Amino acid sequence: MNKSETLYYLEQFGIKYEIVEHRAVYNMAEMEKIALPHTEADAKNLFVRDDKKRDYYLLTIKGDKRVNLEQFREENGTRRLSFASPLDLKN
């Protein structure tokens, strides 16, 4: 879904939302430098892939939490996971 399709979906189902746009940040330290509302709900996205580059996952977690990829792999029955590259994200 692109941005307009996502907004249309939210509106069709009466889902309340607030749009907050900001420059791209690559870690939580950079995030802290941006004045954003709702800091209690800060989150980070981790884009990971399996070792065969077949399955990709977007993990969204609270900003102050850490992810154990081995534990995630075991709990979800995936192959070995690592962070996807910027090129993977574009494709």
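Reader: Which element supplies the largest share of the lining of the largest pocket?

Author: Strand S1 does, with five residues. Keep in mind that this is a predicted model.

Reader: What else should I know about the largest pocket?

Author: Its volume is about 1,300 Å³. The lining has 25 residues, and those closest to the centre are His22, Val25, Ala43, Lys44 and Asn45. Two or more lining residues come from each of helix H2 (28–32), S1, S2 and helix H4 (86–90).

Reader: How do the lining residues of the largest pocket divide into nonpolar, polar and charged?

Author: The split is 17 nonpolar, six polar and two charged.

Reader: Why is Arg49 called buried?

Author: Buried means under 20% relative accessible area. Arg49 has 16%, so Arg49 counts as buried. The residue is found in strand S1. Beyond four places in sequence, Arg49 touches Asp55, Tyr56, Arg80, Leu81, Ser82, Phe83, Ala84 and Asp88.

Reader: What makes Thr78 buried?

Author: The cut-off is again under 20%. Thr78 has a relative accessible area of 8%, so Thr78 is buried. Thr78 sits in the loop between H3 and strand S3 (81–83). Setting aside neighbours within four places in sequence, Thr78 is in contact with Tyr57, Phe72 and Arg73.

Reader: Why is Val20 called partly exposed?

Author: Buried is under 20%, exposed is over 50%, and partly exposed lies in between. Val20 has a relative accessible area of 36%, so Val20 is partly exposed. Val20 belongs to the loop between helix H1 (3–12) and H2.

Reader: Which residues is Val20 in contact with, leaving aside neighbours within four places in sequence?

Author: Those are Leu36 and Pro37. Val20 and Pro37 are 17 residues apart in sequence. In space, their C-alpha atoms are 8.3 Å apart.

Reader: Which residues make up the largest nonpolar core?

Author: There are seven: Leu46, Val48, Leu59, Ile61, Leu69, Phe72 and Leu81. At least two core residues come from each of strand S1 (43–50), strand S2 (56–62) and helix H3 (69–76).

Reader: How do you know that Leu81, as a member of this core, is buried?

Author: A nonpolar core is a set of buried residues, joined through side-chain atoms within 4.5 Å. Leu81 is a member of the largest nonpolar core. Therefore Leu81 is buried.

Reader: What is Leu81 in contact with, leaving aside neighbours within four places in sequence?

Author: Leu81 is in contact with Arg49, Asp50, Tyr57, Leu69, Phe72 and Arg73. Among them, Leu69 and Phe72 are also core members.

Terms used
Residues are numbered from 1 along each chain as its sequence is written. This is a predicted model: local features need pLDDT of at least 70, side-chain atom pairs count only at pLDDT 80 or more; totals for chains, interfaces and linings use all residues. Side-chain values use heavy atoms; hydrogens and water are left out. Buried means under 20% relative accessible area, exposed over 50%, partly exposed in between (1.4 Å probe, protein chains only). Helices (H or I, at least four residues) and strands (E, at least two) are DSSP runs, numbered from the N terminus. Contact means heavy atoms within 4.5 Å. On a 1 Å grid over the protein atoms alone, a cavity is a set of points where a 1.4 Å probe fits but cannot get out, and a pocket is an open set with protein on both sides within 12 Å along at least five of seven lines; lining residues have an atom within 4 Å of a point. Grid points are joined across faces, edges and corners, and a volume is the space filled by probe spheres set on the points. Ala, Val, Leu, Ile, Met, Phe, Trp, Tyr, Cys and Pro count as nonpolar, Asp, Glu, Lys and Arg as charged, and the others, Gly among them, as polar.
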